[in-house]
Amino acid sequence: MPLQVPWPFPPAPRLPWTLASGLVTGLVGTYSCFWTRRMNRLRVHNKEVLYDLVERRQPGTPLITVSNHQSCMDDPHLWGILKLRHVWNVKKMRWTPTAADICFTRELHSRFFSLGQCVPVCRGDGVYQKGMDFILEKLNRGDWVHIFPEGKVNMSQEFMRFKWGIGRLLAECRQHPVILPLWHVGLNDVLPNTPPYVPRVGQRITILIGKPFSVRPVLERLQAENKSAVEMRKVLTDFIQSEVQVLKGQAEWLH
């Protein structure tokens with residue numbers, strides 16, 4: 001399905017765009033901090049690991065955070081775990097692939113979400129599309145990208161194979177990203193996947209942040225074995241899924 005609006009990002013963002021983007025990410029981030037932390041009961045395990053990577057990873061080193069997807073407002077509610085100094089620093093905030101058929105259907109929506117560093121990805125267009133190219137370039141610059149590799153809200157919470165887009169990003173990134181897995185429980189109680197789609201208060205939220213790792217050894221082995229691009233994407237995606245899935249039982253127990 002093609003993008004229904006013009007590509008939203010300017011080739012070379014000027015100061016007004018940067019200021020507007022900082023304002024949108026800051027305001028939405030502030031809402032998330034207030035709603036997730038103050039209006040609900042949040043427990044975050046190992047948050048210092050995330051803070052350290054957002055603030056102090058080596059210059060030029062990309063960060064990929066990966067998590068499960070429970071609710072259509074996991075992003076931004078998930079980032080209520082951050083400090084205000086993070087959400088008001090647009091250069092440190094995440095980029096994220098976003099469903100074009102939901103968030104990029106009108107010009108006004110497109111402008112808002114793109115200023116919030118959401119990148120349109122068209123379902124069914126595969127791993128080689130403009131949105132994924134854009135995300136890959138952000139990683140090559142050393143930025144932070146968050147991915148919901150299930151590819152959609154997992155309403156049943158059953159096992160769902162990760163989409164291969166993350167495998168492509170890892171196989172083709174010129175740098176070696178730090179990968180940080182997360183698992184959250186309870187965000188679908190904050191915003192249930194049923195009408196009237198109004199955020200709730202007083203819900204229990206548990207977020208478990210795992211240990212950072214790299215796929216460099218796996219990638220170098222695949223390259224030495226002269227694996228095809230398709231084989232590399234599959235192996236890398238399966239490897240990421242196994243690392244993320246380990247957190248599920250722990251997070252549910254902590255919840």
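# Exercises on a predicted model

C173 has a relative accessibility of 8%, so this cysteine counts as buried. Keep in mind that the whole model is predicted. Let's work through some exercises.

## Exercise 1: Cysteines

**Task.** Work out how many disulfides there are, and decide whether C122 is buried or exposed.

**Solution.**
- Step 1. You need a cut-off here: two cysteine sulfur atoms must lie within 2.5 Å to make a disulfide.
- Step 2. Applying that rule gives a count of zero disulfides.
- Step 3. Take C122 as an example: its nearest cysteine sulfur belongs to C103 and is 12 Å away, and C122 is in no disulfide.
- Step 4. For burial, the limit is under 20% relative accessible area. C122 comes out at 10% relative accessibility, so it counts as buried.

## Exercise 2: The order of the sheet

**Task.** Find out which strands sit at the edges of the sheet and how the strands are ordered.

**Solution.**
- Step 1. Here's the background: strands of a sheet pair through backbone hydrogen bonds, either parallel or antiparallel.
- Step 2. Five strands make up this open sheet, and reading across you get β1-β7-β6-β2-β5, with mixed pairing.
- Step 3. An edge strand pairs on one side only, and that is the case for β1 and β5 (144-147).
- Step 4. Going from one strand to the next, the twist averages 20°.
- Step 5. Now check the pairings. β2 (residues 63-67) and β5 run parallel and are joined by four bridges, and L63 stands opposite W144 of β5.
- Step 6. β2 also pairs with β6, in the parallel sense and over five bridges; V66 has P181 of β6 as its bridge partner.
- Step 7. Between β6 and β7 the pairing is antiparallel, with four bridges. Here L182 is partnered by I209 in β7.

## Exercise 3: A strand covered on both sides

**Task.** For β6, say how many residues are buried and which ones lie on each side.

**Solution.**
- Step 1. Start with the general idea: in a regular strand the side chains alternate between the two faces of the sheet.
- Step 2. Count the buried residues of β6, and you get eight of its eight.
- Step 3. Sort them by face: V178, L180, L182 and H184 are on one side, while I179, P181, W183 and V185 are on the other. Both faces of β6 are covered.
- Step 4. Look at which helices touch β6. Helix α2 (residues 47-56) packs on the sheet, in contact with β1, β2, β5, β6 (178-185) and β7, and its direction makes about 140° with that of β6.
- Step 5. Helix α8 (residues 165-172) lies across β2, β5 and β6, and runs at about 160° to β2.

## Exercise 4: Helix α1

**Task.** Compare the span of α1 with the expected value, then find what its buried residues pack against.

**Solution.**
- Step 1. Helix α1 covers residues 15-38, which is 24 residues.
- Step 2. From first C-alpha to last it reaches 33 Å, close to the 34 Å expected at 1.5 Å a residue.
- Step 3. Pick out buried residues of α1; among them are W17, G22, G26, G29 and C33.
- Step 4. Find their neighbours: the buried residues pack against several elements, including β1 (41-45), α6 (107-115) and β7 (204-209).

## Exercise 5: Aromatic rings

**Task.** Classify the ring pair of F112 and F113.

**Solution.**
- Step 1. A pair of aromatic rings is described by the distance of the centres and the angle of the planes.
- Step 2. Searching the whole structure turns up 12 aromatic pairs.
- Step 3. For F112 and F113 the centres are 5.2 Å apart and the planes meet at 80°, so this pair is edge-to-face.
- Step 4. Check their surroundings: F112 is partly exposed at 41% relative accessibility, and F113 is partly exposed at 25%.
- Step 5. Elsewhere on the list, ring pairs link W7, F9, W17, W95 and F134 into a cluster.

## Exercise 6: Backbone oddities

**Task.** N46 and Q117 have positive phi values; decide for each whether the residue is buried or partly exposed.

**Solution.**
- Step 1. N46 has phi near 70° and is not a glycine. N46 belongs to the loop between β1 and α2, and with a relative accessible area of 41% it is partly exposed.
- Step 2. Q117, also not a glycine, has phi of about 65°. Q117 lies in the loop between α6 and β4 (118-121), and at 4% relative accessible area it is buried.
- Step 3. One more backbone feature: the peptide bond from P195 to P196 is cis, with omega near 15°. P196 is in the loop between α9 and β7.

Technical notes:
Residues are numbered from 1 along each chain as its sequence is written. Side-chain values use heavy atoms; hydrogens and water are left out. Helices (H or I, at least four residues) and strands (E, at least two) are DSSP runs, numbered from the N terminus. The expected span of a helix is 1.5 Å times one less than its number of residues. Buried means under 20% relative accessible area, exposed over 50%, partly exposed in between (1.4 Å probe, protein chains only). Contact means heavy atoms within 4.5 Å. Rings of Phe, Tyr and Trp (its six-membered ring) pair if their centres lie within 6.5 Å; planes under 30 degrees apart count as stacked, over 60 as edge-to-face and the rest as tilted. Two strands pair if DSSP finds at least two bridges between them. Axes are lines fitted to C-alpha atoms, for helices over the stretch in contact, and angles run from 0 to 180 degrees between N-to-C directions.
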